[in-house]
Amino acid sequence: MCGRVYIKTSLEELVRNFAFAERGAIDALGNRFPRYNGAPTLDYPIIIRDMVREPDIMGPVFASARWGLMPAWMKPGGRPPPINARCEGIGTNGLFRSAYRSRRCLVPINGFFEWKDIFGTGKSKQPYAIAMADGSPFALAGIWEIWRDNDIEIRSFAIVTCEPNEMMAQIHDRMPVVLHREDYERWLSPEPDPNDLMKPFPAELMTMWPIGRNVGSPKNDTADIIDPIDPDPEPTLI
């Protein structure tokens with residue numbers, strides 16, 4: 001599960017950090033970042049494989065996309081668009097199969113959030129922020145689609161998830177697929193099934209820390225959202 005992310009830089013700085021990609025049509029996103037409490041249904045800059053120069057020169061390009069995958073055949077008003085795609089079976093699941101084979105993307109972020117179920121009942125959860133140990137921005141593996149209705153065109157995406165690494169397993173049973181920079185090009189390539197890239201990222205390269213529960217509301221979107229706190233002590237089992 002990955003249901004909340006944060007981008008603590010301006011759009012311009014984010015683009016500079018992923019300078020291998022062409023800028024693309026993302027200017028409309030400029031005043032929406034930094035975003036410290038990014039939820040689904042909002043628009044984000046993603047990196048896709050698209051035409052960068054004519055004739056037919058393909059390469060990585062920034063594009064704007066809504067979080068929540070909407071395949072072309074999805075009818076409005078139905079079930080909510082999925083925000084995650086489990087890597088297990090992604091190549092055969094009818095909801096994700098086509099996008100996985102030909103429309104994969106990178107989702108650049110500075111970190112994401114996850115909630116630890118303290119008592120195992122779902123009633124009391126401690127949120128954590130997760131990032132790279134060196135503080136650098138990174139990219140999650142995603143898939144994207146375009147939904148059209150007359151003059152309306154919506155690009156959307158979902159984040160691919162996998163089994164947790166040793167660090168994430170302390171708080172949750174899933175984590176987003178974090179890609180190594182040397183694997184960005186392959187994930188974006190026409191290769192139909194790069195399934196070996198969908199694996200837990202090394203725990204020793206990541207860090208996590210407890211944060212305040214005000215992250216639970218996306219309306220709370222200030223820099224102090226990611227400040228570390230001293231969590232409530234967990235119960236001792238007798």
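With a relative accessibility of 57%, Asp 27 counts as exposed in this predicted model, and the carboxylate-bearing side chain of this residue meets that of Arg 23 in a salt bridge, at 2.9 Å from N to O. Arg 23, in turn, counts as partly exposed, its relative accessibility being 27%, a value that lies between the bounds of under 20% for buried and over 50% for exposed residues. The contact between Asp 27 and Arg 23 belongs to a set of ten salt bridges held by the structure.

A further salt bridge links Glu 153 with Arg 148, and here the closest N and O atoms are 2.9 Å apart. Both partners of this pair, Glu 153 and Arg 148, are exposed.

In the salt bridge that Asp 196 forms with Arg 186, the closest N and O atoms are 2.6 Å apart. Because Asp 196 lies in the loop between helix H3 (184-188) and strand E13 (206-210), whereas Arg 186 lies in helix H3 itself, this pair ties together parts that are ten residues apart in sequence. Asp 196 is partly exposed, with a relative accessible area of 41%, and Arg 186 likewise counts as partly exposed, at 26% relative accessibility. Beyond such individual pairs, Arg 86, Glu 88, Glu 163 and Arg 174 are joined into one network by salt bridges that share partners.

Terms used: Residues numbered from 1 in each chain as written. Predicted model: local features only at pLDDT ≥ 70, side-chain atom pairs only at ≥ 80, totals over all residues. Heavy atoms only, no water. Salt bridge = Lys/Arg side-chain N within 4 Å of Asp/Glu carboxyl O. Buried < 20%, exposed > 50% of the residue type's maximum accessible area, 1.4 Å probe, protein only. Helix = DSSP H or I, 4+ residues; strand = E, 2+ residues; numbered from the N terminus.
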